[in-house]
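Visitor: I should like to go through this model by question and answer. Please let each reply close on the item requested.

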Amino acid sequence: MKFKIENPPQREIVIFDGTSLNDLKYILHKKKFFVLENRKSRISTVYCSLNIIITFFFNFFLLFFKNKNLHTIYLFTLLEKINPKIVITSIDNSFKFAELAKLLSKKIKFAAIQNANRFDYMHNIYLFKKNLSVSNLNNKYFIPHFFCFGEHEINQIKKYKINIDQVYKVGSIRVANFFKHIELNKIKLQKEKYDVCLISEAAPNINEKFEIKDLEEKFAKVAKFTIDYSKKYNLKFIFLQKRNLNSIENKEEMNFYKKYLNKNDFNFLKKNSSLNQNNYSSYLGLFQSKLAVGAQSTLLRDKIGCKEKILSLGLDNEGLFEFPINGICKLKNLDYLEFENRMNLILSLNSEDYFAKIEEPINNLIEFDENFSTIDKIIAKLF
């Protein structure tokens, strides 16, 4: 970490949390911006000019009675000095972003772009009611401008009373980025390269978090069922790892499956893995498979939103991880015979017949328009 005896550069655009840059890559093309790092592990530069120090101490006394910590006061001070027109993030569930937006949204436009399912809203209520959380964390959210997947999110926002001012239905930024990437790099998808892709949903320590004794085992069963089925019918199978190759998180991910699968099944999983080497590795496997299987992964929504087949397996009676659309695409019970029969049916149907058996419009789940990309929709609203 280095200390700079100067003010941060003035920019009209500030990106909150540098991990957002992957999602915002094409939105920010040819634009100048400043990255405001929030995660302590990513902060490499601390600005400490005399002007920053004086303003920081002034803000400390200003915000002391609002219970703001030093980290928040420092970020608040930097934003005052940068004086941007807009602060953008793709970490839409960031409490720190919400905290800053509450303090500065009258002066600066704050916008968040949804990057994943927001089961958080439901989980926060559950944890609070079960006395597993000291407060309802949903009360901490605040987004002045929210770019979301679709109508489902709007219903969830109303149901859980999330503090959001304006909502725009734009679809998935990550799907849009993937298709932009393959277009620019002239990558041709092989639509039926794999019969089945299994989406990694490793869930270490989730039993303890929710005090539900067999959640981990159920997540692992989704993998077990898919492996058994693929072996039985000699299918082209691929496992989509979630975490970057050789990372600590990837080791934890694979250790989860090693714990719950037998040796042969675990070796089969490893042998047929799509190693997550870049932002698009999972999407390459996803969109080159006839059918994706998982429980509640955002990738399931991404695929069905593009009018491609999925199967979601239910995990619990609380509905905490329930896929938000009914029909042929969802099984509520973790029963292998039911799973096998449903897989056989889905793979036997053409796309038109499959989607005729979905109980509500797919666009309610996630907006998708081949002629107007999510990237362009967001740019049109932001700038």
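**Sheets, helices and core**

Visitor: At about what angle to E12 does helix H13 run?

Guide: Helix H13 (residues 298-305) lies across strand E9 (194-199), strand E10 (237-240), strand E12 (289-294) and E13. Helices (H or I, at least four residues) and strands (E, at least two) are DSSP runs, numbered from the N terminus. Angles run from 0 to 180 degrees between N-to-C directions, with axes as lines fitted to C-alpha atoms, for helices over the stretch in contact. On that footing, H13 runs relative to E12 at about 145°.

Visitor: What pLDDT do local features need?

Guide: This is a predicted model, its residues are numbered from 1 along each chain as the sequence is written, and side-chain values use heavy atoms, leaving out hydrogens and water. Totals for chains, interfaces and linings use all residues and side-chain atom pairs count only at pLDDT 80 or more, while local features need pLDDT of at least 70.

Visitor: In the open sheet that contains E12, which are the edge strands?

Guide: This sheet has 6 strands with parallel pairing, in the order E11-E10-E9-E12-E13-E14; two strands pair if DSSP finds at least two bridges between them. Strand E13 (residues 309-313) pairs with E14 over 2 bridges, and Ser-312 stands opposite Lys-330 of E14. Two strands pair on one side only, and these edge strands are E11 (273-274) and E14 (330-331).

Visitor: By what average angle are neighbouring strands turned in the sheet ordered E3-E2-E5-E6-E7-E8?

Guide: This open sheet of 6 strands also has parallel pairing. Its edge strands, each pairing on one side only, are E3 (34-36) and E8 (164-169). With direction ignored, the average turn between neighbouring strands is 25°.

Visitor: How many bridges join E7 and E8?

Guide: These two strands pair in the parallel sense, with Phe-146 opposite Val-167 in E8. Helix H6 (residues 151-159) touches both strands as it packs on the sheet, and its direction makes about 160° with that of E8. The number of bridges between E7 and E8 is 5.

Visitor: Which residue is the bridge partner of Ile-86 in E6?

Guide: E5 and E6 run parallel and are joined by 4 bridges. E6 is mostly covered, since 4 of its 5 residues are buried, that is, under 20% relative accessible area with a 1.4 Å probe and protein chains only, against over 50% for exposed and the range in between for partly exposed. The partner of Ile-86 in E6 is Lys-109.

Visitor: Within what arc do the buried residues of H17 fall?

Guide: In helix H17 (residues 374-382), the buried residues are Thr-374, Ile-375, Lys-377, Ile-378 and Leu-382. They line one face of the helix, because, seen down its axis, they fall within a limited arc, 165°; the arc is that of the directions from the helix axis to the C-beta atoms. Their cover includes strand E5 (86-89), strand E6 (109-113), strand E7 (143-148) and helix H7 (173-184), contact meaning heavy atoms within 4.5 Å. The arc is 165°.

Visitor: Which elements help to cover the buried residues of H6?

Guide: The buried residues of H6 are His-152, Glu-153, Ile-154, Gln-156 and Ile-157. Just after this helix, Lys-161 takes a positive phi of about 55°. The cover of the buried residues of H6 includes helix H5 (120-129), E7, E8, H13 and helix H16 (362-365).

Visitor: Which helix gives the most to the largest nonpolar core?

Guide: A nonpolar core is a set of buried Ala, Val, Leu, Ile, Met, Phe, Trp, Tyr and Cys residues joined through side-chain atoms within 4.5 Å. The largest has 124 residues, and those with the most contacts inside it include Phe-110, Phe-210 and Leu-286. Beyond four places in sequence, Leu-286 is in contact with residues including Cys-197, Ile-199 and Leu-240. With 8 residues, the greatest contribution to this core comes from helix H9 (residues 215-232).

Visitor: What is the relative accessible area of Phe-178?

Guide: Phe-178 lies in helix H7. Leaving aside neighbours within four places in sequence, Phe-178 is in contact with Leu-189, Tyr-280, Tyr-283, Leu-284 and Phe-287. Phe-178 is buried, because its relative accessible area is 0%.

Visitor: What is the relative accessible area of His-71?

Guide: His-71 has its place in helix H3 (residues 70-82). Apart from neighbours within four places in sequence, His-71 is in contact with Asn-38, Lys-40, Ile-43 and Lys-96. His-71 counts as buried because its relative accessible area is 16%.
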